[in-house]
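Let's take a walk through this one together, starting at a loop and working outwards. Keep the model open and follow along.

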Amino acid sequence: EAGEGDVTMRAAVIKESHEVSVVSVQDPTPGPREVVVDVAACGICGTDLHILDGEFAPSLPIIPGHEFSGVVVATGSEVSELTEGQRVAVDPSLYCHECHYCRLGHNNLCERWNAIGVSVPGGAAEYALAPVANCVPLPDHIRLEDAALIEPLSCAIRGYDVLRSQLGSHILIYGSGTMGLMMLQLAKRTGAASVDVVDLNPDRLATAVALGCSRTATSAGELEQPRGWELVIDATGAGPAIQDGLPRVSPGGTFLQFGVASYDTRVTIEPYRIYNKEITITGSMAVLHSFERAAELFADGVLDPDVFISDRLPLDDYAGALDRFKRGIGRKIQVIP
């Protein structure tokens, strides 16, 4: 916490596993190639729950929040690309650009991988630091708070980069939360023949219907698809959903692990079927060369923010926002500093 006499701001802090509070901390000061962002909105994500559960323990204590947008209010001594007053969305990814994987272009697999809001202080605060290279200027017609959706959209675009989906594919998505719904929107953009959505929560499926999915069900077994689906996407991270989805991939098809599973989640695969039916099982990790494209698509209206953002809560209720997310209430939940 801030010392006596420091200029302070309010921030959510996960101090240790299962302990979060909103406290006063010292205002950030930008380094030479950094800016300070006055945070307009910060989204809650499953990763925040993993941090709260202690799965990123070496990073604690931490100010979470890796989905945020705002206004530049201070710039470092060597920043010329941005000026005070500019509206930006922030890519939280921090790469070393020097390790084996960065040099191969797989920066999201960086051996020194870090991220704003995961391993360094994030956007669940009045102000946040960001490297100038991580800030994408926003056009005037975008509502500033809505632009916090660009980060999760960039993760969904990375998922489709991995899939390299073909026109006319039949797609099955597990999960009708924010990320499942984003994958639905992108599936339609990439020319899917059909997009079916499964979720245990029938209330969440109503949004998938409103966004134009083909069919919904609380169990994939209710859906008639004799040959299976060319693309099966798990957007839940839940073991039972993953286990159910793997055998539903059609011959020659692909299973994408998109949802963030806990470290101890285990499922069973059938190696012979993977061999015999040429099944691909793959994953996509966070953001890779997709943030700017997400900003472009967002500005072009690929998502309706009023559909995706269900709750905007004050920063002081950060713990309540996490609890609502954990209980599956609403869609994207944001805190507003």
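**A walk from the loop at Ser-176**

Start with Ser-176, which sits in the loop between strand E10 (170-174) and H4. Keep in mind that this is a predicted model. So is Ser-176 buried or exposed? With a relative accessible area of just 1%, Ser-176 is buried, since the cut-off for that label is under 20%. Its side chain finds a polar partner in there: the side chain of Ser-176 reaches the backbone oxygen of Arg-204 at 2.9 Å. As for the company around it, setting aside residues up to four places away in sequence, Ser-176 touches Leu-181, Val-197, Val-198, Asp-199, Arg-204, Leu-205 and Ala-208.

Follow the chain onwards and you get to helix H4, residues 178-189. H4 has twelve residues and spans 17 Å from its first C-alpha to its last, close to the 16 Å expected at 1.5 Å a residue. How many of the residues of H4 are buried? Nine of the twelve are, so the helix is largely enclosed by the rest of the structure. The buried set takes in Thr-178, then Gly-180 through the run Leu-181, Met-182, Met-183, Leu-184, Gln-185, Leu-186 and Ala-187. Leu-181, one of the residues that Ser-176 touches, is in that buried set. Just after H4, Gly-191 takes a positive phi of about 80 degrees.

Now go back to E10 and look sideways. E10 pairs with E13 in the parallel sense, over four bridges, and in this pairing Tyr-174 stands opposite Asp-234 in E13. E13 also pairs with strand E14 (residues 249-257), again in the parallel sense, this time over five bridges. One place to see that second pairing is Leu-231, whose bridge partner in E14 is Thr-254. To get from E13 to E14 the chain passes through H6, and this β-α-β crossover is right-handed. E13 itself is mostly covered, with five of its six residues buried.

Right where the chain leaves E13, have a look at Ala-235. It lies in the loop between strand E13 (229-234) and helix H6 (239-245). Ala-235 has 18% relative accessibility, so it counts as buried. How far apart are Ala-235 and Ile-173 in sequence and in space? In sequence they are 62 residues apart, and in space 6.9 Å, C-alpha to C-alpha. Leaving out its neighbours within four places in sequence, Ala-235 is in contact with Tyr-174, Met-179, Gly-180, Phe-258 and Gly-259. That list brings back some familiar names: Tyr-174 stands opposite Asp-234, and Gly-180 is one of the buried residues of H4.

There's another β-α-β unit further along the chain. Strand E16 (residues 309-314) and strand E17 (residues 332-336) pair in the parallel sense over five bridges, with Ile-309 opposite Lys-332 in E17. Put helix H10 (residues 318-326) together with E16 and E17 and you have a right-handed β-α-β unit.

Next, a few backbone spots worth a stop. Leu-60 and Pro-61 are joined by a cis peptide bond, with omega at about 0 degrees; Pro-61 is in the loop between helix H1 (46-52) and strand E4 (67-75). Then there are residues that take a positive phi without being glycine. His-18 has a phi of about 70 degrees, and you'll find it in the loop between strand E1 (8-16) and strand E2 (19-26). At 56% relative accessibility, His-18 counts as exposed. Glu-278 has a positive phi near 50 degrees and belongs to the loop between helix H7 (271-276) and strand E15 (280-283). Glu-278 is exposed too, with a relative accessible area of 61%.

Finally, the cysteines. How many disulfides does the structure hold? Zero. Cys-42 is in no disulfide, and the nearest cysteine sulfur, that of Cys-45, is 10.0 Å away. Cys-45 is in no disulfide either; the nearest cysteine sulfur to it belongs to Cys-155, at 7.2 Å. A disulfide needs the sulfur atoms to be within 2.5 Å. Both residues are tucked away from the surface: Cys-42 counts as buried at 0% relative accessibility, and Cys-45 is buried with a relative accessible area of 16%.

Key:
Residues numbered from 1 in each chain as written. Heavy atoms only, no water. Buried < 20%, exposed > 50% of the residue type's maximum accessible area, 1.4 Å probe, protein only. Helix = DSSP H or I, 4+ residues; strand = E, 2+ residues; numbered from the N terminus. Expected span 1.5 Å × (residues − 1). Contact = heavy atoms within 4.5 Å. Pairing = 2+ DSSP bridges. Right-handed = clockwise from strand over helix to strand, strands pointing away. Polar contact = N/O pair within 3.5 Å; in protein donor to acceptor, adjacent residues only side chain to side chain.
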